[in-house]
Structures are given as C-alpha cells and as structure tokens.
There are 2 protein chains.
Amino acid sequence: MRTGMNYFESNPWLIGENEFQTDWLGKAETVMCLGNGYMGIRSATEESYIGEKRDTFVAGTFNKFDDNEVTELPNVPDLIGMDIRLNNKRLDLTNGEVQGYQRTLNLKTGELIRSFVWEYKEVKAAFTFKRFVSFSEKHLLGQSVEIKNLSNGLDLEINSGIDGQVTNNGSQHFTEGDKALAEGKYMQMMPYTGTSNIFFVLSTVHQLVKKQDIYEETKKRIEMGRRKIYNRYWLSLEKNEAVTIEKISSIHTSMDKETAGQTLNEVKDLALEGLKSAREKGYQVLLASSAKAWEKQVWSVLPITIASNNFKDQLAINFAKYHLHVMTPAHDERMNIGAKGLSGEGYKGHTFWDTEIFMLPYFTFTHPKIAESLVTYRYLGLEGAHKKALSNGFEGAQFPWEAAWPDDGETTPVWGAADIITGKPTKIWSGFIEQHITSDVTFGIKQFIDVTNNQQFAREKGYEVILDTAKFWASRLEWQEDRQRYEILHVVGPDEYKEQIDNNAFTNYTAHWNISLAMKLYQTLKTEETVIFEKLNEKLELDRVYEEWQEKINKLYLPQPNKEGVIPQDDTYLSKDILDLTTYKNSSHVGTLFHDYNLEQVNDMQVTKQADVLLLLFLFEDLFPKKEKLINWNYYEPKTLHDSSLSLSTHAILAADLGKLDLSYDLFNQAMNIDMGENMASSNEGIHAASLGGIWQMTVFGYGGVRCLNGKLRIEPHLPEAWHRLAFGIIWQGNPLDVTVTKEQMIIVNQGTKDVEVEAFGTLHSVSNELIINL
Amino acid sequence: MRTGMNYFESNPWLIGENEFQTDWLGKAETVMCLGNGYMGIRSATEESYIGEKRDTFVAGTFNKFDDNEVTELPNVPDLIGMDIRLNNKRLDLTNGEVQGYQRTLNLKTGELIRSFVWEYKEVKAAFTFKRFVSFSEKHLLGQSVEIKNLSNGLDLEINSGIDGQVTNNGSQHFTEGDKALAEGKYMQMMPYTGTSNIFFVLSTVHQLVKKQDIYEETKKRIEMGRRKIYNRYWLSLEKNEAVTIEKISSIHTSMDKETAGQTLNEVKDLALEGLKSAREKGYQVLLASSAKAWEKQVWSVLPITIASNNFKDQLAINFAKYHLHVMTPAHDERMNIGAKGLSGEGYKGHTFWDTEIFMLPYFTFTHPKIAESLVTYRYLGLEGAHKKALSNGFEGAQFPWEAAWPDDGETTPVWGAADIITGKPTKIWSGFIEQHITSDVTFGIKQFIDVTNNQQFAREKGYEVILDTAKFWASRLEWQEDRQRYEILHVVGPDEYKEQIDNNAFTNYTAHWNISLAMKLYQTLKTEETVIFEKLNEKLELDRVYEEWQEKINKLYLPQPNKEGVIPQDDTYLSKDILDLTTYKNSSHVGTLFHDYNLEQVNDMQVTKQADVLLLLFLFEDLFPKKEKLINWNYYEPKTLHDSSLSLSTHAILAADLGKLDLSYDLFNQAMNIDMGENMASSNEGIHAASLGGIWQMTVFGYGGVRCLNGKLRIEPHLPEAWHRLAFGIIWQGNPLDVTVTKEQMIIVNQGTKDVEVEAFGTLHSVSNELIINL
C-alpha cells in the first residue's frame, strides 16, 4: 500500500500528508482534526470535494432528529468552507498541477497548515491555508488564507460565510433560525436544535489584507440563501501580488455555563462583541494565545519523552495527548468523552466504557481536575442509570451502555448494519445486555479515588456510585436452584462477537468485585463516617441491601480455570468450533470475518473480537497468578481478531507484563497505527479515542510499569528493546512524581510535599525526594 | 460566452451538451430532467460532482420540515446515483481525458443518453449511460450503464442502491424508516415524511449482463448504512469486454390513488411484485413501452410543426411540450403544476398564477382532460381559499398566492433573501397582498369552460368558483368617502418591484371583471338553471351578495388612461423617477438591478419587473382599443426589465398583435432561451414552467393568432419573417381543428362533428369541414 501519511524524524510534533488524494479525505479530516474540548472540527479542506465529511460538533449539545433515532451530537453549520475561484475556475486540486503539497498539523500549537502551488491552464498561484481552534478562548476559531498570484493578471472570487445545509448523514438537527448581518461584515446565524431546543449563535467575519493594508474597499456582496449566509468578494491580483483573507469565527450555545439563562439576543450580542475584539487582535495574536494555553495546560504538565530507535514512538504519545485534550470537555462536568471524541459522526458522540477503562486513567494519573469532571459526569448520570435499572426491573444504578446527556439513560441504537445473509438490520444487543459497563464505571471511580485521594469527591459523589451500582448488581443476579448459586445469564461481554451468553467471566468477576467493594465501603462508612453513612443509608436503603449482599456474594458464580488453567470466557465458549483465523488476523481492515460469516455463525466459533478474559487479567492482576495469565494469553490471543481498537493496547501491556517485550512492542506499533498508520480508511468515522488512551497506557502502564493495585502504587518498568530511555510523570495523591527509566535504572523524583509509598519488584519504598533502583 | 448547449439542426427532438463542465451541472440537470407528472428527477449524473443538485420529487407529497418553514415537495431518496470505480479510481470526468462526450435528451422518447470514453492513467473505458422515467407506468424508472474496457485488465467496482441522505438544501423531510432486502437483490427503503406522514416505498434491483448472459455470479455485498442501502459489485473485464448494468427502480407512496388505504406492507409487497415483473422485461422493453405512451398521449395529439429559417423554433415547441407533460400531475386532480415543475427545489413545488395564465391554456386548448384536472384542483382549493379569506377578514374564496395541498391555504414563505443595505431578510409580501391570483384562477376556469364547453365541470365546480371569488372581491373593496368610490389599496400587482401600492390597474380591472362575470352568471343560473342556482344560493348566500355586487360594481375605480393615453399601473407609478435601464436590460442575468439598489429604492422608480398593464391589455384585449395598446406598449416596455420568466412571452404576443413582428420574434427567441439558451446558470433552481407555457402561447396565440374572447374563437395568424409555415391544432368545444398557416393563407380543417364558428379579421366564419382564408 502507498504511504499516505507524512511524519518528520526531526520533529515529533508534526503529522501530516504530502500528497492530496480524495480517497484519503476522511483520514486527514480525522487525524488532523482540531478542537478544544468545547468544540471539535474535522479538518475538511476549505474547498469541497466528493467524499468529504464536513463536521463540527459542540460537546453536550445532544439532539434527537426524531423519535426513531437516538440522540446524537448534531453537525453544526460549517464555518470553515470557502469557495475560491481563480479566473472563474473553482480551486480543485484534483484538476491541474499541484506542486509542493503539504498539509501538516502541529500538535504543539494546534495549528493546521496546508500549502501548495496550483497551476491550471493560465492560472498559477501559491496557497497557504492556516487554521486553529483556540485552546485559550474556547468559542473561537481562526483561519488565514494567503493566495499569491504567480500568473499574469488573476481575478479572484471568494465566497465564504456560514453554511447550515450540512447534516448528520442526512438527518438535519437544526431549525434554520435567524440570520443577521452587522456593519456589512459580521455575519451571524442562530439555528436551534429541533427537539432539545438548544440555540446556537454562529458568528464570522472576514478581513482582507493586501500589501500590509487592510483592504476594505474590495467589491463584495452579502448573500443569504436557505440555511446559508455568505459574503462574496471579488478582487484582482497582479503578478506576484498576494492577498490574505483572515476569517475569525465563533460558536456559542445556550448550553454554555458562563451565559446560562441568557436570551438568544443577549448571547448574540455578546458573541458579536467577542468577535469584534478577536478581529482586532487578528489571526497571529489569537493563535499565539492558543498555543500558549496548549503549552501551559498540556505540554508542560508531566511531559513524556521517549528515546527510541523509532522516532514515531514520541510522535505517538504527543498525538495521543493532543487528541485526548481536543476531545475532552474539561470545562463542563455534564459532558464526557465520545468514543470518537469530537472528530466524527461515529457512535454519535456517545460515551462508552471506553472512558473509564481506556481514557480516564490518563487524566486520573496526570490531570486530576479533568478526571474529576469526568467521574462527576457519572455521578450526575445516576439519574439516567436509575431510569435504566427501573425500566429493566432492577434496583440501583444500571449505567447505560451508551450515554449522552447525564439524565438521558440508555441511548444505544437498537438496530445496526445489515446481516449479510438475511439482508435485515441486526439488533444491537449492547444497550440491553452489555452490562459490565456498570462495574466499569465503578472501576474508574475507584481508581480515581485511590490515585487522587480526592476525599471530597469520594464523600459527596463517588461512594454513592459504588454503593448504588452494587445495589444494581445484587438485584441483577439470578438464582440457579439446580446449581445452588447465583449466575448472570444472557449478557454480552467485552467480546461483542458473542451475543446473549451466560456467565461471561469479565462480567461475573467485575460484578463480584463491585459488590465486595461496596460491602467494604459500607463497613468503613458505618464505623468511620457516620454522617455520610446515614445520608446514604436513607437514600439507598443500605442496611437492607447490605443483607442482600451478604447473602449473595459468596454464592455468586465466578468461572474457574479448567484443568488446563483456561478461564472460560463464558459457559459455552470453550466447547465451540475453533477456526483458522490467519486470513482475518493478517487483514489490514477490521471486521473482514463478516464478509464470510454472519454474527450468528461467529457466535458459534471460538473467535474473540477484543480482549475479554485477558482484560480481566490486566485490570485485576492481583486476583490471578502470573502463570494463569500466561496460560490464558496463550489460549485467547490466537483466537482474538483485535477487531476493536480497545484490544491491542491491553494485549501490549499484558505481553510486556509477561516478559514478551518484542511481541508487546509489535502490538504497540499496531495500536498506534490504528489512527496514525497507513490504513487510509480506518479513521473515516472519527478518531479511536480508546486507542489514544491505550497509547498512554502502553507507555506508562506497559513500559513504565505503573499500576494502582488495591489503592497502592506499584512501578515496575521494563522498556522494549528499541527504547533507551523513558521519562514520564504521574500525580500520586497530589504528589507529582517524575519517573525516568533506562535499561539500567529507574529514578523516581517526588516533586510533592508528602512521602509516597511505591512498590517495585517486591519491595516497598517510601519516596521522599528521590528513589533510584537499578534494574 | 462559450456555448454550452448542443442542438441538432437535423433533429428537432434532441437537446444536449457536448462538453462536460461542473459549472454547468445545474443547467443540464434541469433542462434534461426526466419525469411523467407523477415523479420528476433532475438529471444529475450517476457519479457525483461538487455543485450537483440531486433531486427527485413526487407530485403532491408535500411536507413541512418544521413550523418555521413552509410546506414543500420533499427531495426523495436518490435512486439514480452510482459510485463507479475502475482499478480503484473513482470515475470522475474532471480528471483524466474525456473523449467524444455527449449527453442528449431525446424529447420524443424521453430517454437520456450520455456517452464518452474516459482515460485516466492506465484505465481506458467507454461508457454509455441511459435512463428514462416511464411515461406508461408512472412508478417506474430504468437505467442502463454499459462499460466497455479499452485498457488491459480492468477491475470494476460498482456501488449502487438507494441513498436517503439527500435533503432539500439541508432540510430533511424524511424519517429514515425501514430498509429491506429480498432474494439478495431487491432493495427497498420505506421512509415517511416527518409531519405530513406520507410513506414512500422506494425499490430497486440490478441486473448485470456480460456477453449476453445475465451475470448472477458476480462478487457482491449488500451494505446498509444510515439512510442508505446499497449493493456493491466487483467484477473484472478483459480487454474489449463490456458489461451492462441495468438498474430498474420504482417509487410508490401512500398518496397514490390506486393503492389508497393500503398499508405500508401491502404497498411494499405490491412494489416488489411490480419490480420483479419489470426486471423480467428489462430496460429496452420498458423504454419502448414508455416511448409509445409519449407518442400516443403527447406527440400524436395535435402536433405542431414550424417551417422556419431557425431550426431551434421547432425544437422550442417540442421542448416546451415535453416539459409541460413531464411536470403536470395529470393523474391526480388533488395536485397541480409547480412554478419549477418537478425539476428543482425553487418555489418548493408550489402552484402560482403561472398555471392559469401561462401553462393551463396549452392544456385547455389541446388536452382538455388534463386541463379539467388542473381546474378541478382549484375547485378543491376552495377550502384553502376560504381559510385564507377568513384569516384576512374577508368573505368568499381568496386563493393563496402559493398553493400546495388543496386545503393548505396560503403557503408563501414570509421571508426572502437578504436586503443588500440592511443585511436583513426581506419580507415577501406576495402571500399577504398579491391578490390578483384570485381573479387569475377565475380567468383560467372561465377560459376552460368557454374553450371546452365542459358543462358538467361548470355546473358541478366551475360556477361555484366564479361566484365564490366574486364574493371575496366584493368584501375586499374599500370605500373611499372623499372620492366616493371603491378602491383596492395596499396590494402587489404582477409587477413585483412595486410593493404595497394602491389601485394596481391589473388588480382592479380583473376584480371588476370577476364580479361582473359572477353577476351575469347569477342572472343566467337564476333563470336557466334553477336547481344549481338554489344549491349555490344556499351555500354562498348569492341573493345577499348579489345586492352587494350591484351596489359596488359601478363604483369600483378602474384606473383610466391619462391625457397621453397611458393607463397608470397604480396610483403613484407615473409620478416616480425614470431611470436609464440600458445596463440592466442588456445584462444576461436577471435581477442585476438589485446589485445597485434595494427593493425600497426600486419601489420609487418607474421600473417594472414584468408585464403588468400590458398583460391586462393582452388578456382582456376586447376591453381596450388597439391604439391604447400601442401607447401603453411604448410607455411600459422600455421600463420593463423582463426580470421574470413570465414577461417575455406576453410581450412577444402583444408585439405580434401590434404588427411589430421582428421585435416579437426577437422576444420569442429571448423567451425560448430562458431555459434552452446559453445562460448556463439560469435554470439551476429548476425549469421555468410559465416560460414553457409561453412558448406554446407565442406560437399558437401569438403567430397562430388564436384567442378566446368572450367565449368566441378568433384566429388571426401572422407569421414572423423567418417562418414559412406553421401547423398546429386546438380542440374547440370538443372539435379538433387543424390549422395551417403560411404567409399567403390560413387553412382550418374541422376534424370534429360540429360546425365551429371562427372569427378572422373581422369576419365570422362557420367551419364545417375546411376554411381557407387568403392573408
């Protein structure tokens, strides 16, 4: 396969492409997408192409198109697009000659730059497109387009404004709303969502600069059409003359906390004032302020450096951190991270277990304030979780498989793509029976409390979630009279290629863990935190449910290793047919198994989509001896297709734990290439958020060897062959620790105020200032 | 300007293009659009391009996107599009080399054919795309795509099915609905409109033929996505090998009369059976049946032949008739003709006065059954007209300026495009005060009754409309105490560049005519048709309103000629500033005046958009002496921009009446070129239906000299210099008349059973078999 991506050995902050291909639009739009947690914008080009997906999302602004669809993040009217004509020929890179094409995202500054010389018949011009979404002023985005005429006289026509004709693959979430023009140049559009009734204020203004002068006298005309407001400019350039068009835009909505309760007109006026002031500053000043915020809030915080034979490793961790911050709505605890971030329509902006198991650990260990916002979202989600439990006939908090607004409850669509055999849409069972999400949420909260020691959160929010989820699990258990035990039947585990199975190991073990955790917490609170206990007891009837927990916990069936030591993934997995998976495992695309089999058939094979038993062994490694891990690795890995982006990073870490460092590093490379690699179609629907969290986990948990086990910190690093040195940081219970690992030694520097206990290779150390361990 | 259209001197049935330009997509989509009155499909190409507008409409299936929009014809999921890849390169005529490009619509058969050879790098293949919308089976459409490989081995990938992601410029009218697949190849999609709740059943099937064999074993895969169902085919072609893909599709809706009351599943099954049987027949057989229907129902009926120095004149009349039948829902009297037919989103599928004044005469004089359906629509529209009158505080029937479903009442949008000075949307006054529509409806019905002598329609429906509209007008008149007369204040006349004016001549005269007509009818019915009279008297309180008519009719102010003989267009027009319009009149685009002035400014100038006083003089020529016509022509024509497609044809006829045949013929050419000409952007929003009616009127009324005046037939032909012979036909009160005109004589042959009275040049003739008049 031809390489499509462009990397720079000398600079681990740049990722881009040096060839323009319309078949690769989706990849570039996703991988180089811009955002700041408030908004995310796919990097569609200014000019349009067939195959593009022009998406802008604002976190939390969910809407349902109609009663037959699930709620999703609406695609906001486009502010980026521009129609550019040169001597009346539309700029179109698939025509004519393109020289020196470069499109590069600078992860450090958040600026995307595209430059090339375009020659078409008598037209020749050099273009430089720049843009950023501000990391310092979350409502703002800026664009700069320089066009330099390299031909003889050139007539330019530029049509740019706000385009509200975009949809979510055909579903239009917005009522058109008003359009307005101020002072002949400030354009505004005020659509609102059809059912959730959220108003948006989209504002934009242009400024043309020619020969250093602001160029106001250009011939122009405002044009309003259906769902559109545009300004059309005409100008002429002499040979070697250049013009720069700056376009500054902003987005506000009625969900914004800082303007909560304000009317549309108030927000509109405020947006206009903000835009005027931003226009005064201009592109460069706004960009500098944004880059500074990136440096302060992200890059200077616990930086990770990797000295590796492979320069892409450092790029990968920068790439992962960039996107984790682009996608995370750190500003508002009513919002969480979508499985595709804010970079695509895939998964509709919904939050899955991906947050707790894959992305949250990065924030928990390095940005505890952001992590607190993310776990608070789950606390606020108790309302939705109660709804779901109640509608399913259970008690307590059953978290939705897919979550949108906290009180929405379950938002998983019921029907998915076509079955190849019957041609009928397949039912998506996850929303009904993929129930491990509830213990995953508890897992994330427990880890957050352990790592941050945020007692206020624990007391006001976290404990309640732990207890309420345990209450759900207890009500969920099914007594089997014949076997004299409780079981959990008819579920989907992490391996979604097995639908409607009984006693999925991951589900049963994590449910058991969740209840046990709640039982310990009950005892602790009752004896040590009586005020909190009484409050929660009243709210959740703890005394009553504690009896239930006591009665059930020891009778809950936990699938035990068979005589070979293999933990059965579920009751029937081990008795199913074993298939030769070579073709599918070697395929550069995921899901190829379904070109030959339907889900019903796959259900009857020992084929696993993603880490299931192995994920259990990673997350709860203290529950299982190392030997059992190896046996299960050897059994399950060959049967796993890694058809989910949630699979490779877990396997890479486990492989490292098991001493299979070469294999681990191979998996690390596969995992980073899910988005960064050469498969130019894999990211079309959006970025793989869990995989990005996985890059950080492979680095810090896998090779850095960090674990939080039973509330204790353990650091047991082991670098792969290619890495000479790894430096990273974590914050343990408020104390920043700088960790430097080479092949020979590990140095931990405690930058905090308290001593930190660290277990390493069987020894417990108390780190006051510095700890050096020879490896 | 480069020529974009392709005509054939040897064949007046073909119109097309021999160069592919993405800037011309809209023109080709409109001018070569296909349809059968049930559905209309813009001729977007199979492969997609930026700038295309992919529209399919089904007559009468109106829906409102939300409460802030007006009802419109929804853009139905696309059945035409195909993604074709050759060696993994998407077919894209803007890339590579295109040889022998031809796209041609055959007006006679209704078949659209596009052919070319495409060469891109190592790929070279010859393509022939054919398609038609069946004129014999109104639910059906067919496509045939032949691809012949001219390179070495060629891998083809074809992705084709049903695409429901299309919108009306961003507004999505459909709930996604179910998708289904039968026998691995019949695909169906069942969306329904969001507010009007009309279900659609879209069905399609492919058949591949290679070396004369139906080619079932191709590798293929069904793919369902959001609002999409597709079949993807992979096949290889050896050098010089060809494959033909036939795609047969159908559309049914819950509005279809023949399946009224049936459930979605019943219609779905019926559609599937129909599609199976159509697939058996195949493209060629289905096309032949459709072409036969065109011949029988259109081309063999009263054919028009023009022997002219300019071969485009014959093409123009064929083009006009083709499109008039493509756009007219002859099958269902609950539907009428849209101002853009079924060929674009412009005017939202709404019916205007364009029907009665411009298109209806063609049907009235040549297809009385279709005309009856169109006037019956207005009778059914009385319900909506009552609503409108009532909401405006009037009595009787006030017809809506824009009409959709008969009982909708007014459907004109309230806000239009931006004002260039204020930047705010301009209010569209037509729906409120462009009131002449009501007398226009009466005019069309009166002409229909006079020409067809359809007494049953008159008695059951037509008379009631005439009386009910007069009742509206009487209630509308405003007594002016100071001038002791009734006036009609605050209206928009046909000249829409004058908003909110008083005593528009066209409005006052036609209101007067409408009331007078009703008064005569009252007298006739009361004495000659007592049963009908009593029924209507009871329903409409005729005795009471007749007294009102008597009281008001002679006091209604009719603007009189000034001392120069100019009839004032309204109370203030003649006192406004006169502008030099040369630049604007010479512009190849309409509306250019608004690049320099806003509507408020234009309101204060003697500038007319389209025939206003002059239209009055044409429609009611017996009310005004010829000398007055000439004076008013000389006054108004120089002030008229012809910025509406409703203007040129009226002027061409009047010019012919006034003996200005050269000028008339010049206007005829301008008029035909509104759609057929070289302005490659003028038809983007859809075809100009009124202008097509105008082509027929210029031919038959203008040069054929046909008029129905006061219920009498008059024929006074006068051919333009370029025309040697004109043969046409009309049906006068059931009697088909063939009329042949040369410079020397006119021959009328009566093919009917009754003698027909014809006035010609001041003499009344009774035509039994043949009448020859030397000119």
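1. In this predicted model, 36 residues of chain A are in contact with 35 residues of chain B. On the chain A side, strand S13 (174-182), strand S17 (219-225) and strand S21 (415-418) each contribute at least two residues to the surface that touches chain B. By residue class, that side of chain A consists of 11 nonpolar, 17 polar and eight charged residues.

2. Confidence scores come next. The model has an ipTM of 0.94 and a pTM of 0.96. For chain A the mean pLDDT is 95, and 98% of the residues of chain A reach 70 or more.

3. On the relation of the two chains: a turn of 180° with a shift of 0.1 Å along the axis lays chain A on chain B, with an RMSD of 0.0 Å. The two copies are therefore related as by a two-fold rotation axis. Both copies use the same surface, as 97% of the contact residues of chain A recur in chain B.

4. An open sheet in chain B is built of five strands in the order S7-S6-S12-S18-S17, with antiparallel pairing. Its edges are strand S7 (89-90) and S17 of chain B, each of which pairs on one side only. Within this sheet, strand S6 (residues 82-86) of chain B runs antiparallel to strand S12 (residues 154-163) of chain B, and five bridges join them. Opposite Arg85(B), in S12(B), stands Glu157(B).

5. At the S17 edge of the chain B sheet, strand S17 (residues 219-225) pairs with strand S18 (residues 228-237) in the antiparallel sense, over seven bridges. Ile222(B) has Asn231(B) as its bridge partner in S18(B). The connection between S17(B) and S18(B) is a hairpin with two residues between the strands, and Arg227(B) in the turn has a positive phi of about 60°. Most residues other than glycine have a negative phi, so the backbone of this turn merits a look in the display.

6. A further set of pairings in chain B involves S8. Strand S2 (residues 14-17) of chain B pairs with strand S8 (residues 97-106) of chain B in the antiparallel sense over four bridges, and Gly16(B) has Thr104(B) as its bridge partner in S8(B). S8(B) is also joined by eight bridges to strand S9 (residues 111-120) of chain B, again antiparallel. Here Val98(B) is the residue whose bridge partner in S9(B) is Trp118(B). Four residues lie between the strands in the hairpin of S8(B) and S9(B), where Gly110(B) takes a positive phi near 75°.

7. Asn169 can be examined in both chains. In chain A, Asn169(A) lies in the loop between strand S12 (154-163) and S13, and its phi is near 40°, a positive value in a residue other than glycine. Asn169(A) has 15 other C-beta atoms within 10 Å and is therefore partly exposed. In chain B, Asn169(B) lies in the loop between S12 and strand S13 (174-182), with a positive phi near 45°. Asn169(B) has 16 C-beta neighbours inside 10 Å and so counts as partly exposed.

8. The largest nonpolar core has 197 residues, of which Ile15(A), Phe200(A), Leu467(A), Leu614(A), Ala652(A), Ala671(A) and Ile695(A) touch the most other members. Leaving out residues up to four places away in sequence, Ala671(A) touches Leu648(A), Ser649(A), Ala652(A), Ser691(A), Gly694(A), Ile695(A) and Met698(A). Another core, of 195 residues, lies apart from the largest one; among its members are Val201(B), Tyr230(B), Val441(B) and Val545(B).

9. Pro559(A) sits in the loop between helix H12 (542-553) and helix H13 (582-586) of chain A. Is this loop residue buried or exposed? Pro559(A) has 23 other C-beta atoms within 10 Å, and is therefore buried. Neighbours within four places in sequence aside, Pro559(A) is in contact with Asn503(A), Ala505(A), Asn508(A), Ile567(A) and Pro568(A). Phe319(A) is 240 residues from Pro559(A) in sequence, and their C-alpha atoms are 39 Å apart in space.

Note on methods
Residues are numbered from 1 along each chain as its sequence is written. Chains are lettered from A and ligands numbered from 1 in the order in which they are written. This is a predicted model: local features need pLDDT of at least 70, side-chain atom pairs count only at pLDDT 80 or more; totals for chains, interfaces and linings use all residues. Two residues are in contact if their C-beta atoms, placed from the backbone, lie within 7 Å. Ala, Val, Leu, Ile, Met, Phe, Trp, Tyr, Cys and Pro count as nonpolar, Asp, Glu, Lys and Arg as charged, and the others, Gly among them, as polar. Two strands pair if DSSP finds at least two bridges between them. pLDDT is the predictor's confidence in each residue, from 0 to 100. Copies are superposed by least squares on the C-alpha atoms of residues with pLDDT of at least 70 in both. A nonpolar core is a set of buried Ala, Val, Leu, Ile, Met, Phe, Trp, Tyr and Cys residues joined through C-beta atoms within 7 Å. A residue is buried if 20 or more other C-beta atoms lie within 10 Å of its own, exposed if 12 or fewer, and partly exposed in between; C-beta atoms are placed from the backbone.
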